[in-house]
Amino acid sequence: MLVNGKNECIQCTIENCAYHAKSEDYCTLDKIRVGTHEKNPTKIECTDCESFKNQA
Ligand code: SF4
């Protein structure tokens, strides 16, 4: 659920993403998908937000 244009359940610091709330470190989407680019993910760096969209 969005509160003041941000989803307080999804904290995010990726300001380059079109869906970032900008004024605060939250996502503005209702939900996101997290995935991996690795065959056998073992570290934080192996995980990706697959809902990321580069801001224009
Ligand atoms: S879509 Fe993913 S990367 Fe973009 S603001 Fe939301 S959580 Fe962050």
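**Figure 1. The largest pocket is lined by 17 residues.** Nearest its centre lie Gln 11, Cys 12, Ile 14, Ile 32 and Cys 49. Two elements, strand 2 and strand 5, each give two or more residues to this lining. Strand 5 supplies the largest share, 3 residues. By class, the lining holds 11 nonpolar, 5 polar and 1 charged residues. The volume of the largest pocket is about 260 Å³. The model shown here and in the other views is predicted.

**Figure 2. The ligand takes up the space of the largest pocket.** Which residues are around the ligand? Cysteines come at four positions: Cys 12, Cys 17, Cys 27 and Cys 49. Ile 10, Leu 29 and Ile 32 are also around the ligand. So placed too are Tyr 19, His 20, Ser 51 and Phe 52. The shell divides into 9 nonpolar and 2 polar residues, with no charged residue. Cys 12, Ile 32 and Cys 49 appear in this shell and also among the residues nearest the centre of the pocket.

**Figure 3. Lys 6 meets two glutamates in salt bridges.** The side chains of Lys 6 and Glu 8 pair at 3.7 Å, N to O. Those of Lys 6 and Glu 24 pair at 3.1 Å, N to O. Where do Glu 24 and Lys 6 lie? Glu 24 is in the loop between strand 2 (6-11) and strand 3 (26-27), and Lys 6 is in strand 2, so the pair ties together parts that are 18 residues apart in sequence. Side chains of opposite charge can pair when their charged atoms come close.

**Figure 4. Burial in the Lys 6 group: which of these residues are buried and which partly exposed?** Lys 6 is buried, at 6% relative accessible area. Buried means under 20%, so the value for Lys 6 falls within that class. Glu 8 is partly exposed, with a relative accessible area of 46%. Glu 24 is partly exposed as well, at 36%.

**Figure 5. Arg 33 and Glu 50 form a salt bridge.** Their side chains meet at 2.6 Å, N to O. Arg 33 sits in the loop between strand 3 and strand 4 (34-36), while Glu 50 sits in the segment after strand 5 (47-49), so the pair ties together parts that are 17 residues apart in sequence. Arg 33 counts as exposed, at 58% relative accessibility. Glu 50 is partly exposed, with a relative accessible area of 40%. Elsewhere, Lys 6, Glu 8 and Glu 24 are joined into one network by salt bridges that share partners. How many salt bridges does the whole structure hold? A search finds 3.

**Figure 6. The chain that frames these views has 5 strands and 0 helices.** Along the sequence, the pattern reads β-β-β-β-β. The C-alpha atoms fill a box of roughly 40 × 25 × 15 Å, taken along the principal axes. The chain has 56 residues, and buried residues make up 20% of them. Lys 6, in strand 2, is one of the buried residues. Strand 2 also gives two or more residues to the lining of the largest pocket.

Technical notes: Residues are numbered from 1 along each chain as its sequence is written. This is a predicted model: local features need pLDDT of at least 70, side-chain atom pairs count only at pLDDT 80 or more; totals for chains, interfaces and linings use all residues. Side-chain values use heavy atoms; hydrogens and water are left out. A residue is near a molecule or strand if one of its heavy atoms lies within 4 Å of it. On a 1 Å grid over the protein atoms alone, a cavity is a set of points where a 1.4 Å probe fits but cannot get out, and a pocket is an open set with protein on both sides within 12 Å along at least five of seven lines; lining residues have an atom within 4 Å of a point. A molecule sits in a cavity or pocket if more than half of its atoms lie within 2 Å of its grid points. Ala, Val, Leu, Ile, Met, Phe, Trp, Tyr, Cys and Pro count as nonpolar, Asp, Glu, Lys and Arg as charged, and the others, Gly among them, as polar. A salt bridge is a side-chain nitrogen of Lys or Arg within 4 Å of a carboxyl oxygen of Asp or Glu. Buried means under 20% relative accessible area, exposed over 50%, partly exposed in between (1.4 Å probe, protein chains only). Helices (H or I, at least four residues) and strands (E, at least two) are DSSP runs, numbered from the N terminus. Grid points are joined across faces, edges and corners, and a volume is the space filled by probe spheres set on the points.
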